[in-house]
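Visitor: I'd like to learn how to read a model with two chains. Could you walk me through it?

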Amino acid sequence: MRRSHSVVMIRVRSARPAVAADERGIALAIAVFALVVIGALVAGTFFAGRLEQRTGLNTMFAEQSFELAEAGATDVLANWVPGTFNTLAPGADTTLPPVALAPFQVYVPTVTRLTPDLFFVRATGQRLDAGGAVLAERTVGLLARLGIPAVNPGAAFVTGTGSQFFSQAVASGVDLDPVGWGGECPGVVDTVQAVRSAASVVDSTDCGGVSCLVGAPPPPALPILSPDSTVTSSLFTDFGGVSFDELAAMAEKIVGASAVPSPSLNGTGTCDRADPLNWGEPLTGLGFDDCFNYFPIIYAPGDFQLSNGRGQGILLVRGDFSIRGSAAFYGLVVTLGRFEAEVSPSLHGAVMAQGDSTIRSQSGGAALVQYSSCALTRALRQAGIARPLAERPWAQVFPLN
Amino acid sequence: MFLMVRNSRGLTLIELLVSLVMLGMIGGVTYGFLANTQRITRSQSELVNLQSNVRTGILVVPSELREIGVGGGGSDILSLGSSGIIYRAARGLGFTCQVSASEIRISNAPATPYFGLRAIVPGRDSLFLFVERTPGISSDDVWVRLAVSSVNSASTCGTDPAIALGVANLGSVVPGGIGSLVVGGPVRPFEVMELRLYSSGGKFWLGARSVSGGEPSLQPVLGPLTANGFELDYFDVAGAPTSNRFQVRTLRVAIRGVTDQLIRGPAGTGPTGYVQDSLVTTVSLRNAPIP
């Protein structure tokens, strides 16, 4: 009996799997089917949502890169670096390091000089991912024209008050190119007054009459325009929309109370513009010809004395300016204080001094203020600031042609 | 023995009916679920398309219009309206490397390449040529407009690659003659385009055509849109509305899209209809003078 019972139990246990399979199969299939369908739908919905999210992000990245590009082009113009850009030859370009305006958002600026007066500034805005890969990129360009400070001294020496000339000091309004500058300014002849003065006091009696003042109109008329009502204070501080302060802010060299400038080359044999005492090379054939086209803006916030040495460019002195010894400077000098020249210094271009002036030769030398439109033009051109063209300056730049 | 009898007995009618009812219920639930899911999917797809459509429009239209130039006695806006505009569309930027009375060559050298949306097409495209009349003085600079009669993309300037563009009577168009041109200045190809809302197949679309290219009809750019789906408003330098094409400084662009198909509300209980969405942006004309 016990044995028979145990046999039945074995049979029952062995038959149950077949019954269970018959009754549950469709439920399992339906459940699996439902799970698959639900999974597919969830995946599809997720995919659609993800696609929408990616599209939105890409749109945002594209807009960000466009804004970066536009900001970059404007930024380059607003922070124009004359010493870098104005020295480019027509057809040449320079690409500056990337500038980050926000995390993962940079612009890469390129400046191309098209003609002596025209520049093309383009900036490529890039939206980066955390690894530095570019997610979106747009380029915007601005056509710009070199705005050259409008300085027209109309004389070799312009003074806001009185001036005195002693000994063999000479102020000449006869337009002369500096020695060795042949070909730099072809066909320019622009003889002007020797002196223009707001005051009536231009004393040259101690240099033997008027012979030390040379210029238009030629002798026997006096080459002096005094008093000149057009010589106002703004003549010394406003240069055709570019102020003294704006020019000073562009200065590459900030000097203290005195300096003895001299051109210099760096290790690669090129002009060392980082040298604070390298103010360019006005002379040729002395081994510094690479500095011949370098005309920095030099700014002295207080009184300043130039004792010997040579340089070129635009020299701005907020206080009194004194030039002594055999110092030579080519370009434009503007001082808001007094001006004093002693011994045998030479200034080629023009000098504008708002305060009293004394020009005195000593030790057998001859202090010289020589008008040179060529020296002026070259110095001013290097100091120009690029501004967008009045019409059609802005362009979307497409990467391929 | 007992199990064998039971297995061979089959299904009773009641079991079959219960099974059918259960299958019907499961099928119904499944169908409802699938139908609802399909509705949601279709609705979402329609909404995604709608949003994508509107977003594309709000990117493309300002991109096309922001380079318009106004000022200096001229305007690139040739005709303006609330649902359409005809304008000169910039298509590239290049720099001259050689100029004669009948030909302008544009540099394609690495330092000064031609930046173009596409190749210049004679007849379809014209040029703005920058004329720098007096070096050092910007007040007398002008842009002159020239038709392009031919294009040779395999030209050269010296040894550098260039694109030669045939032009007519350059000497008479340029103030001061060809001698006053400074080689290296910019050239800007453009074509006359029309953007307008139009109706086709009972739906509204934003269409575009090249007027200067002689295209007779508008081609769809995006849509479907609502009946006022493309709307332009024009403002002068003071921000006041203007209809004077020479005084436009900013444009307000509105894109209003609509779904292509009917969309039912949530869970099939909401109303059935077309869903609308819109985006509005303001475009400052970059080549209009800054006061």
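Here is a short chat about the contact between the chains and a patch on the surface.

Guide: This is a predicted model, so local features need pLDDT of at least 70 and side-chain atom pairs pLDDT 80 or more, while totals for chains, interfaces and linings use all residues. Residues are numbered from 1 along each chain as written, chains are lettered from A and ligands numbered from 1 in written order, and side-chain values use heavy atoms, without hydrogens and water.

Visitor: How many residues does the contact take from chain A and from chain B?

Guide: Contact means heavy atoms within 4.5 Å. Here chain A brings 40 residues and chain B 47. About 3,900 Å² is buried between them, 62% of it from carbon and sulfur atoms; buried area is the accessible area (1.4 Å probe) that two parts lose on being put together, summed over both. In chain A, A:Arg145, A:Arg392 and A:Phe398 lose the most, together 19% of what that side buries.

Visitor: How many salt bridges cross the interface of chain A and chain B?

Guide: A salt bridge puts a side-chain nitrogen of Lys or Arg within 4 Å of a carboxyl oxygen of Asp or Glu. The rule finds 4 across this interface. B:Asp76 pairs with A:Arg392 in a salt bridge, their closest N and O atoms 2.6 Å apart.

Visitor: Is B:Leu23 buried or exposed?

Guide: Buried is under 20% relative accessible area, exposed over 50%, partly exposed in between (1.4 Å probe, protein chains only). B:Leu23 is partly exposed because its relative accessible area is 41%.
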